[in-house]
Amino acid sequence: MAQHFRLPSGGRIDRSKPVSFTFNGSKIEGYQGDTLASALLANGVHFVGRSFKYHRPRGIMSHGSDEPSALLSVSRGPGRTDPNNRASVVELREGLVTKSQNHWPSLNFDVGAVNDLFSPVFVAGFYYKTFMWPRSFWDKVYEPFIRAAAGLGVAPDVPDADRYANRHAHCDVLVVGMGPTGLAAALAASETGKRVIVADEQAEPGGSLLHASEETIDGKPAAEWVKETLAVLDARENVILLPRTTVFGYYNHNHVAMTERVTDHVVDPKGAPRERLWQVRAGHVVIAAGSLERPLVFADNDRPGVLLAESVRVFVNRYGVLPGRKIVFATSGASAYQAAVDAKRAGAHVTISDLRLEADCGPELAKARAAGVEVLTAHTVIGTVGAKRVKGLIVAPVTGAGAIGPRRTLDCDCVGISGGWTPTVHLFSQSRGKLAYDEALDAFLPGTSAQAETTVGASHGDYDLARCLTAGYAAGAKAAGSAATARFEATPTLKGFQPVRVMPTDANPAKVRAFIDFQNDVTAKDIKLAVREGFQSIEHVKRYTTTGMATDQGKMSNMNALGIVAGQLDRPLPSVGTTTFRPPYTPTTFGALVGPARDALFDPIRTTPIHDWAVEHGAKFEPVSLWRRAWYFPKAGEDMHAAVARECKAVRDGVGVFDASTLGKIEVVGPDAAEFMNRMYVNPWLKLEPGKCRYGLMLKEDGYIMDDGVVARVAQDRFHVTTTTGGAARVLNHMEDYLQTEWPDLNVFLTSITEEWAVIAVQGPKARETIAPLVSDIDLSPEAFPHMAMREGRICGAPTRLFRVSFTGELGFEINVPADYGRAVWEAIYESGRKFGITPYGTETMHVLRAEKGYIIVGQETDGTVTPDDVGLAGMIAKAKADFVGKRSLARQDLVASGRKQLVGLFADDPSLVLEEGAQVVADPNQPIPMKMLGHVTSSYDSPNVGRSIALAVVADGRALMGTSLFVTTPGGFTRVSVVDPVFFDAKGERINA
Amino acid sequence: MLLIDCPCCGLRPETEFRCGGQAHVARPEKPVDVGDQDWSEYLFVRANPRGVHAERWIHQHGCGRWFNALRDTVSDRFVETYPMGGKPKSTTTEARA
Amino acid sequence: MLDDSLYARRVSPLDGAAKPASLPGGVTVRQLKPEARFSLRVKAGAPADAAGFALDQKINSIVVRGGRWSARLGPDEWLIGGPEADAQLIAEEVEATLRDRPHSLVSVSHRNVSLEISGANAAIALNAGCPLDLSDAAFPAGSATRTLLGKCEIVLIRAGAEPSYRVEVWRSFSTYAHGFLVEAAFGLQNAA
């Protein structure tokens, strides 16, 4: 194809730069500066897709972001394929591979088009009416059918190959739109030196001025004025000009989100991001987003070749493309006349069919006739002729009273329709501003602003060029705190229209399919049916009929749908209201929203100073909150079970080494430190001597266990508090909350030291001998350094806070060293312990060893509803303390009632059976369903040291059930267990004091 | 994203903050002396007004300080922020007007 | 005496990963050498100075004096820093000065990793993940504040007028923060 519909001259395309792409496999050529739509039209291609529900042929309807029908799959290479691109906004780029959608097997022959024959079935609420019964059909028949039929394009199934950027920006004035109003506003706002950002969704700034034909501003051709204005703005350092940038969301406190399309229009992005998400915080927002043309509603108004009138003008003037050689403009207003005159000048045969009476027309009438255009006033449109392309427009005279005269078919290959204009109030509405209906303009206009915002120009219903410029300038100045004004002289704009909901017709209304929403295949008939069926709220009508949904969000259809609903209900239009405008204004890629947060930057992955050593030694890792912790260290040929069994034995028989660096740590310092600890933990702290440790149990105010950990008193006024790995931030926040808001009088300060210290746990009978050669300044003998003591000294020359503590029940040390020394000290310990067969172990072995001792893990044995007594830790509570967080709640009725679940041990009858964690416990497996659940298994392991499987569970009144049999669910049915003491190993606790 | 006026740091973006629920719910001086009913009110019962609401906020990823704020739950407008232990300048009725 | 071979050497989480690289947009990201850093807390009524560290600057600003700097992050919180070799000295001097007032001095030299991002577009790169206004007017020389970078918390310091920012981040977040800044530099690029 050779651009037969390209005009010999004119337009803003670069004719020296041909660009080729493919459409459904055919190679097509356009020029730099084209959109897909303009290039397709230049080659005479109107029919580009099938509609959503009826699979009717659809063409390009618009030149902008309101396009409902021309949705294409666009590929820019592997990993760079998107569905549902509006042909009217995709910039042409060499090598694009584009395809039409929603048809099978081909665009020209589509099996789904039979839906069109059954259209009486696919009425409003079709889904709700059809897919109701029988229930059994839902999974197998209805849902698969809906899933296959629904949706437009096909989602990509390979990772996105592009990079996406994010940018927070601040400005005094954000101007939305670079049409005449926006440019004038930007000029005025930036004049003050304030920071100004100006964004426009199109590739080229200028808006409607880019397709101006006769218009002048201050005596200059409009395009010339745009060029000069942009040069002025560009030269100002306080201005950021962002073409190709869609302002899609207006959020709280002038937080505005926009997507900049950075590289889609170039062949090689060279590492630059595809899109950039801007999050702008603006002092004031000037919305100059223009207006959208309304289509006319008549039978078969969806034929390929039917375009919006203004879009015909854009294709002619801006892209140098004639969408048809014989064009009929069907209109109820003035603006289409300018399009007609321009098309006529470009060489088309042009006719205008205007619904308005001759007397209601303005100067446009004389102008068109003078240009040689035939104008039929007081004519309605009955329908179109053609199948995959419009071949004729059926019109008929209509009187003021609505009587319709004889039909006449106007031969044509293109129709430009115009039902008037709708201000683009989406962003204003998103900002929570209140809309007000303007009867003269038949439109909702921005009323009361909710934020620092001004909507101006066509977005405010002002359609005259000079007025837009003047108002834009004043709004921009005011937004920047200036009172400056400017006068602009400009060509008067042809404006004014007669609102019409559905074009009068003499056809049988039951057979007419006049489309309101082209993307969702919603007809006027559907909307009337919905109202008849009792849907009165516009929000309900929207959801029942799907009008105004999907990718275009009803940009073209909303006003017509509203008008029809109001007409059916016989209520004034403003009382029907509008549906809520929600972000995004136009479809936004997931990539832009995700930005850099993917792969390694999806979430921070926290690792310890010893992590790399563990990687080098073959550890498997598990995620614990954001941390990656060594899970177990398999040797060649070992599975997890074998590795954990070996590690468990090694710790109890010799010595093991474990990376405990992720434990949360808080330094609590100040004269009131002990008093503060007394209030935050159940335990007594005032008399704990410096150099001693204590297991601390922390409750929430509701009396339930929140966290636990060993606490060392470093000095009279200094505690080294440890928390669970996952609880570190929560505990610090909890402490800080009480300190600042309840007890600001306490002189105590909290500092997170989780990451200041690496923590190496050395556990087992050989622990002392392992570390002794490395430690200086500390007497490690059992007499001088007993269990639950803490000493400061040096290890490998590095300062250490050395804890003699154990979470395994063995002789053990937890060695805190400044984090940068962690790896070196770990390696030294590993070397030193070799002669004892030192074994690195991971979190799984740690879990087994502590379970053998019946030590709880907060979050495993507890779930936010467990008290100290429930897990056998009531003895930790300092009864003499008048108060601590949670104390009062421990006396709540439910917390002292009988029947609470208590921590017990369970032995399955089969010692090789490892119960499932979370499995339910019942007394009698033969009781009727629903059974009485007594509790559940909280921890369960195969224990090599006990020589059988062990489990911890919380069971109602469990401590009274010692020795009895209960039953636990397993995948194979119930299994019998006996209730035992939860300490399975070294019940007397002798080993820990070795 | 809200813009919140931290009494220490000035206007900062919402992501730096955390909301701590209703303000001015003081912990009883001597909880052990509080009856069951009153204690359960203190623990569990909070206001949820449509309109101006006194809330606690912390500038978590900033100065780390707790403060109070009057926020209109309908418009998300902050009427004012004020330090812990302080009282708002505007009464909630004035703020609503 | 401990055998010399057993003396521990320091390993930073970014060793090997954070070689200064010339990135797009003329931005450079590098890790700074270790320094002594402390979290200092003093209640209202702090002296104007403690051991050469200014304490009377306004919140969210930094004062540099010689090799010592103090960034006031809140009404009663300062992040202070100085040469690594002076760590012991700094601690002793500060403790001596503040002996009579309730205070807390806690070493965070190993908790924090210091990155530096510099170049004309450094602020814009930071704004890939930092939601603050970093313009000269809003975040001038002498600014310092705790804030966010993407999904991690940082302390952001701009000591001088040149476009150079110090990013203090907890060590386990440092690979993320470093990777984020490098990616942010790539995000600065536009179509050629």
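User: What percentage of the 97 residues in chain B is buried?
Analyst: A quick note before the value: this is a predicted model in which local features need pLDDT of at least 70, side-chain atom pairs count only at pLDDT 80 or more, and totals for chains, interfaces and linings use all residues. Residues are numbered from 1 along each chain as its sequence is written, chains are lettered from A and ligands numbered from 1 in the order in which they are written, and side-chain values use heavy atoms, leaving out hydrogens and water. Buried means under 20% relative accessible area, exposed over 50%, and partly exposed in between, with a 1.4 Å probe and protein chains only. Of the 97 residues in chain B, the buried share is 45%.

User: Which pattern of helices and strands does chain B follow along the sequence?
Analyst: Helices (H or I, at least four residues) and strands (E, at least two) are DSSP runs, numbered from the N terminus. Chain B has two helices and six strands, and its C-alpha trace spans about 40 × 30 × 20 Å along the principal axes. Read along the sequence, the pattern is β-β-β-α-β-β-β-α.

User: How far apart are the centres of the positive and negative side chains in chain B?
Analyst: Happy to help with that one. Lys and Arg count as positive and Asp and Glu as negative, while His and the chain ends are not counted; each charge is placed at NZ of Lys, CZ of Arg, CG of Asp or CD of Glu. Chain B has 13 positive and 13 negative side chains, and the centres of the two sets are separated by 3 Å.

User: Is helix α5 of chain A largely enclosed or open, and how many of its twelve residues are buried?
Analyst: The buried residues of α5(A), among them A:L183 and A:L187, pack against β8 (164-176), β9 (196-199), α6 (222-235), β12 (239-242), β15 (275-287) and α11 (465-479) of chain A. The helix is largely enclosed by the rest of the structure because the buried residues number eleven of the twelve.

User: What is the distance between the end C-alpha atoms of α5(A)?
Analyst: The expected span of a helix is 1.5 Å times one less than its number of residues. For the twelve residues of α5(A), residues 180-191, that gives 16 Å, which agrees with the end C-alpha distance in the model of 17 Å.

User: Which residue just after α8(A) takes a positive phi?
Analyst: Helix α8 (residues 335-345) of chain A is mostly covered, with nine of its eleven residues buried; A:Y337 and A:V341 are among them. Just after this helix, a positive phi of about 115° is taken by A:G347.

User: Which residues does A:G958 contact, leaving aside neighbours within four places in sequence?
Analyst: A:G958 is in the loop between β48 (948-956) and β49 (965-970) of chain A, and its relative accessibility is 0%, so A:G958 counts as buried. Its C-alpha atom is 6.1 Å from that of A:V904, a residue 54 positions away along the chain. Taking contact as heavy atoms within 4.5 Å, the partners are A:Q902, A:V904 and A:V979.

User: Are the rings of A:F676 and A:W743 stacked or edge-to-face?
Analyst: Rings of Phe, Tyr and Trp (its six-membered ring) pair if their centres lie within 6.5 Å; planes under 30 degrees apart count as stacked, over 60 as edge-to-face and the rest as tilted. The structure holds 24 aromatic pairs over all chains. Here the centres are 6.4 Å apart and the planes are at 80°, so the pair of A:F676 and A:W743 is edge-to-face.
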